[in-house]
Amino acid sequence: MRERTRGNGGLLNLVQIKELDIVDYLLELGFEPDKIRKVDHWYLSPFRNERTASFKVNRNLNRWYDHGLGSGGNLVDFAILFYQCTVREVVNLFSDYLSFHKPRPRPVPRMLLLLKVYWKFYRRGL
């Protein structure tokens, strides 16, 4: 999860919380993907017992969808459903969480670095 600066008494705002990576947060909660297909990470649902992964997170969009529930959303929506709490409680939860946990930087995939180098040479005509 990426570190965020916090104003207004140390509280994050909803935009900052929605920008936090859902895949990283699920990993912090102990949920690991059952399978990964391109940008889609499939999990056993954190909301019920199941044998086949039906909970999907699209990492590019940073959105989740639970096919068994027929609902989805962003990290705030997930937290409200997972913790069964209000939006205000989610803000407090994430503000407290990030004040005690130093987020790990997300590694840049090697292929992305190679593409950036290739693009520089391509633009120069080399």
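In this predicted model, a good place to start is S45, whose side chain makes a polar contact with the side chain of D66 at 2.6 Å. S45 is found in the loop that runs between strand 2 (40–43) and strand 3. With a relative accessibility of 6%, S45 counts as buried, because buried means under 20% relative accessible area. Beyond residues up to four places away in sequence, S45 touches D66 along with E50, S54 and F55.

F55 leads on to the nonpolar interior. The largest nonpolar core has 19 residues, and F55 is among those with the most contacts inside it, together with I17, L26, V57, L75, F78 and F94. Two or more residues of this core come from each of helix 2 (22–29), strand 3, helix 3 (75–83) and helix 4 (87–100). L75, for its part, is in contact with I17, L20, I22, Y25 and F94 when its neighbours within four places in sequence are left aside.

Strand 3, which covers residues 55–58, also includes N58. N58 counts as buried, since its relative accessibility is 15% and the cut-off for buried is under 20%. A polar atom of the N58 side chain lies 2.8 Å from the backbone nitrogen of L61. Leaving aside neighbours within four places in sequence, N58 is in contact with V39, D40 and R63. Finally, N58 and W42 are separated by 16 residues in sequence, while their C-alpha atoms are 8.9 Å apart in space.

Conventions:
Residues numbered from 1 in each chain as written. Predicted model: local features only at pLDDT ≥ 70, side-chain atom pairs only at ≥ 80, totals over all residues. Heavy atoms only, no water. Helix = DSSP H or I, 4+ residues; strand = E, 2+ residues; numbered from the N terminus. Buried < 20%, exposed > 50% of the residue type's maximum accessible area, 1.4 Å probe, protein only. Contact = heavy atoms within 4.5 Å. Polar contact = N/O pair within 3.5 Å; in protein donor to acceptor, adjacent residues only side chain to side chain. Core = buried A, V, L, I, M, F, W, Y, C linked by side-chain atoms within 4.5 Å.
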